[in-house]
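User: Please take a close look at the salt bridges in this model. I am new to the structure and would like one connected account.

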Amino acid sequence: MRIDVKGVIVSNGDKYYYDWFGIESTSPQDVSKKIVEANGEDLEVHINSPGGDVYAGSEIYTDLKAYSGDVNIKIVGVAASAAGVIAMAGKSSISPTAQFMMHNVGSGAYGDYRAFEHEAEVLKNYNVSIANAYRLKTGMSHEELLELMNKETWLNAQQAVKHGFVDEIMFDEGNMLVASATNGMMLPPEVINKIRNQIKIPGQNPLENKDLKLAQARLNLLKLKGGNLNV
C-alpha cells in the first residue's frame, strides 16, 4: 500500500481549506485512512514535504511507528521539519537528489514579557519531543540533535545516511554515493477563520461563485505569510 506525504503537513480540521485553495497538503486523517485500508500489508510512504503542523506530524509519525506491518519510507524530494520527523517512522531510503532538514519548532505569541517567556519554554520543550524521534532512529544524543536543530541543518543524501537519519540511498547499488526545502505556504489562522465564516460547510459545494471571489482569494493568499505552531 502506497501512502503519499506530500505538500504541507496540516491538521484534520484545516485540511478542507487547503484543498479548497488548491494547496497540496497531508493530514493525519489522510494517512490513517490508508493505514486502515492496508490492513497489515506493507506500507510504502513517499515523502516530499516542507513540513508544517508539529501536532499533525507527531500523529502521523506515531500511527506509522505503531503499524503492525513493515513501513518503508522513501524521501523522493525533501523531508523537512515535521516531514522529517515522519521519515523516522520506518526503514528509509532517500533519492540521491533529495534533501533532509531539521530545525527548531517555530510559533508566535501575543502578550507581555511573561507570555513570550512562557512561549519560549514551550518551544524548547517541544524541541526535545521532536528530538526524541531523531534519537530513536539515529542513536545520537539529545545534545547533538538539539545543536543540529539550532543550526537549521540541511543534509544531502550522503550526509543523511552518514548521520543515521536515513538507512540507504536509492539506486546506489554500487555504494558510489555513500561516504532546500522551499518554505511551505501554511495558511495563517486568520485566513482559515475568515474562509470558515464565509464559505459553506464540508459536504456542500463552496465553489458556486468561483470566478472573481475565488481568484481574488487565491491572489490575496499569495500576499500573506505566517502560520501556527509548526516546523
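Analyst: A salt bridge here is a side-chain nitrogen of Lys or Arg within 4 Å of a carboxyl oxygen of Asp or Glu. The model is predicted, and the structure holds seven such bridges.

One of them links Lys 124 with Glu 121, where the closest N and O atoms are 3.7 Å apart. That pair counts because 3.7 Å falls within the 4 Å limit. Both residues belong to helix α5 (residues 113–138), and they sit three residues apart, about one turn of the helix. Glu 121 is partly exposed, with a relative accessible area of 48%.

Helix α5 also contributes Lys 137, which forms a salt bridge with Asp 167; here the closest N and O atoms are 2.8 Å apart. Asp 167 lies in the loop between α7 (157–162) and β8 (168–169), so its pairing with Lys 137 of α5 ties together parts that are 30 residues apart in sequence. Asp 167 is partly exposed as well, at a relative accessible area of 38%.

Some bridges have partners in common: Arg 2, Asp 4 and Lys 6 are joined into one network by salt bridges that share partners.

A further bridge pairs Asp 112 with Arg 114, and its closest N and O atoms are 2.4 Å apart. Asp 112 has 34% relative accessibility and therefore counts as partly exposed. Arg 114 has a relative accessible area of 53%, and residues over 50% count as exposed, so Arg 114 is exposed.

Note on methods. Residues numbered from 1 in each chain as written. Predicted model: local features only at pLDDT ≥ 70, side-chain atom pairs only at ≥ 80, totals over all residues. Heavy atoms only, no water. Buried < 20%, exposed > 50% of the residue type's maximum accessible area, 1.4 Å probe, protein only. Helix = DSSP H or I, 4+ residues; strand = E, 2+ residues; numbered from the N terminus.
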